[in-house]
Structures are given as structure tokens and as C-alpha cells.
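Work through the exercises below with the sequence and the model open side by side. Each task is followed by a solution that proceeds step by step.

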Amino acid sequence: MKKGYFGIYGGSFVSSEIQQELDIVEKEYLKIKKDKDFIKELNNLRRDFQGRPTPLYFCKNLTEKIGGAKIYLKREDLNHTGAHKINHAIGECLLAKRLGKTKIIAETGAGQHGVSIATACTMLGLKCEIHMGVVDIEKQRANVEKMKMLGAKIIECSQGDGTLKDAVDSALLSYYKQYKTSLYCIGSVVGPHPFPTMVRDFQSVIGKETKKQFKKAENKNPDYIVACVGGGSNAIGIFYPFIKEKEVKLIGVEALGRGENIGDNSCTIKFGEVGVYQGFKSKVLKDKNGNISDAYSIASGLDYPGVGPEHAYLDEIKRVKYEAVGDAEVLNAFYMLTKEEGIIPALESSHALAYAIKIAKTLDKEKSIVVNLSGRGDKDIDFILSLKGENKNEK
Ligand SMILES: Cc1ncc(COP(=O)(O)O)c(C=O)c1O
């Protein structure tokens, strides 16, 4: 496959000046990937600072309640800072130090990537600039305050609909102006090459651990692995080590939000078209006039009109099946896990959970499903309480 491409998807669509810089980033990344000292430092931080390996947990209560396939959770919510995002945040910040950079620039939607980056920057002594849409700032107040406490500078983005895509635009622009002293730490498997590959490699620790843990629990591979897809980092992280294991069904779950109309969901794989956006080629959601459309989801980390190029490819070759669930099912799944297992999931992760609950009922008891529980729901509590009908769901 052509360097930086997954089939026809991926690549790098930036100016020649920025391309030169990205080539330097790639070269250093390929070096550190094999560097024993770097791997040791990363592994030590993952163990002692981050709390890896995260557990694989069998949901006995939920499985009994549903009465079908066994449901397991890969507990990425138990990472320091509460989500999988820290898997690549620490890796990217260590890389920035190797490159002699003094500052990290990043975007955030739900605030999880922003908090992870701000945390890694504090620990590693780097300056930190986080771009965030005004709508997400309002919705994810607690994470905004955490980032500020950690010393990050927050850039409010009021252009567009004030969500994730606008934050990415703003962060990319800022990076292009300051690339000599800074590194852009993108929050998902998106952006120009080498970001999608680098982020995938750092995130694939999730799948590697899952494989070992599931083997220990059941002495085989799981039948299904289900993960939510925004840009696609938690999904590719758990899928990647299983891609060659053809018996394992891999399912990515996009946000159907309020419904199928463009602007009401974030189903880029399902409803998107091929296009170049934010420096890479993938599928993108477009409106009737062919412009990039706004995306919507109840989960701030999923409302992005693009998707990682490797996902577009895995869809095309039919190795991963992409499904979608809407806001109402997501809220049901959120409350169900909370009530049955005492685990409050992030709204993003509740998409994967909702789909798993739906298929578990149709499968027999010997089958097993691993859900990537990408994050914890603490960040979503205020927003959920503000929703109308909250009392009805809580019963
Ligand atoms: C908990 C959680 N899960 C999932 C996502 C979606 O991102 P990705 O598709 O890159 O995993 C986010 C994004 O903010 C998140 O916070």
C-alpha cells in the first residue's frame, strides 16, 4: 500500500512547508518506535502513571438481565484521566520532547483528549494550548476547568457550530503557524499522515491487552468486539490486533443522533462521501451543496463529520461492519450499565454498549462480546441531568 494510505484513503494534503515538517515528525516517530529506551519509558509511564493494563471485566448482572451472549468490558474508563485518549497523549508528548518541541497544540470535543494532553504536558514539562468549540465548552464544563487547573491555555472556537470540527480547524491553523516550536497532538486517527498511523499504534495497546486477557478468561478469541467511532481511535485501538483473526467480528458504532437526515447524526461511514478534509482523504459528511456538513450527536466526542481513513478502508474491504445507534438507545444503555453494574459510562462509549445490548439478546449464551468502554461518564453527568425526561429514564 502507498505510504500513508489505506487503499485510496489517507495521505497528506498540506502545503510543502508543512509537509517538510511532517516528514521530520514521521522520521523521528519511526525511529522511536524501535528505540528500546523510548519503549521502556512509555511502558513505565503506562504502568505507573496511567494505570495499565486496564482490566477486562465480565458483566455478570448485565449478561443475566439481557439473557443472551456474555458481555465483557475493556475498562479504558479506568485509565488516569478517565478515557483511552491518554494512550496516545503520552506517546505524542514523549515524541514532541524527542523532537525538541516545547509546546503541544491540540483540539478537544468531549474534553477527554484535552484533559489527557494537559495532564501529559504537566507531567513532562511542556506548554499546552487546547482548542475547543463554544458549544462543547458549555457542555463539558468540568473538563474545561480541569484543563485550566492543569495549566493549559484554552482557545474558544466560535466559528461554525462551535463543536469538534471547528476546534480541529482552529488547532491546525495554530499549529501551521507555530510548527517550529510545537507539535500538534491530534485527538484521533485522523489528520494528515503520519497522525492516523501514529495514533493507531499508540492505541493498539487496548487490543493487545484484550487479546491476552480474553485468552486467559475463555481460552479463545471473543466472537464480537464492539467500539464506538468518532474519529475512530478507541475502535482501531481495540480492533487492530484482531484484524487478521477472521473469526472475530469487529463492529464500529457511529452516532445516529436524532435520525438519518444530514446534520442530525455523525454517521460518516454510513452516509458520507469520499472527500479531502482537514489534510487527509476519507469519507466526510456533506450537505446538499457539497459543503462539509455539521455533525450531531448527544456525545461531544462523536459529533465529527469525518472519520479515520483506516476505518473508511476497513469498511470498503468489509473487514469491519459499521452500525449506528441513536440518542435514545444510548441513554438507555447509559442507565442500564449504571444500574446493573455500578459503572457509569461515557456517552460516547454508551453507543458501543447500546449496540452490544441489542445483539446480545439475539445470540446464544456461549457467544461473547467485548465492548470497548472507552471512557467514564463523570464528564456527562451535568449534561444528562439537564436533559428533559431524565427522571423518566432513571426509573
Ligand atoms: C470517552 C470517549 N470515547 C470515544 C471518543 C471518540 O473518539 P474516537 O473515535 O477517536 O475514539 C471520545 C472523544 O472525545 C471520548 O471522549
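**Exercise 1.** Find the bridge partner of I105 in β8, and place the two strands in their sheet.

*Solution.* The bridge partner of I105 in β8 is Y184, where strands are DSSP runs of E with at least two residues and helices are runs of H or I with at least four residues, both numbered from the N terminus. Strand β5, residues 103-108, pairs with β8 in the parallel sense over 3 bridges, and two strands count as paired if DSSP finds at least two bridges between them. The open sheet consists of 4 strands in the order β7-β6-β5-β8, with parallel pairing. Its edge strands are β7 (153-157) and β8 (182-184), each of which pairs on one side only. On average, neighbouring strands of this sheet are turned by 20 degrees against each other, direction ignored; axes are lines fitted to C-alpha atoms, for helices over the stretch in contact, and angles run from 0 to 180 degrees between N-to-C directions.

The model is predicted, with local features requiring pLDDT of at least 70 and side-chain atom pairs counted only at pLDDT 80 or more, while totals for chains, interfaces and linings use all residues. Residues are numbered from 1 along each chain as its sequence is written.

**Exercise 2.** Which strands does helix α5 touch where it packs on the sheet?

*Solution.* Helix α5 (residues 112-124) touches β5 and β6 (127-133), a contact being two residues whose C-beta atoms, placed from the backbone, lie within 7 Å. The direction of α5 makes about 170 degrees with that of β6.

**Exercise 3.** Describe the domains and the side of domain 1 that touches domain 2.

*Solution.* The chain is divided into domain 1 (15-46 + 85-199) and domain 2 (51-82 + 204-394), with bounds from an automatic or database domain assignment. Their C-alpha centres lie 23 Å apart, and the contact takes 31 residues from domain 1 and 33 residues from domain 2. Among the helices that each supply at least two residues of the domain 1 side are α4 (86-98), α5 and α8 (164-178).

**Exercise 4.** Which residues come nearest to the ligand, and where does its shell come from?

*Solution.* Of the 21 residues around the ligand, G230, S233, G301, E348 and G375 come nearest, a residue being near if its C-beta atom, placed from the backbone, lies within 6 Å. At least two shell residues come from each of α5, α11 (233-239) and α15 (347-360), and α11 gives the largest share, 3 residues. Domain 1 and domain 2 each contribute at least three residues to this shell.
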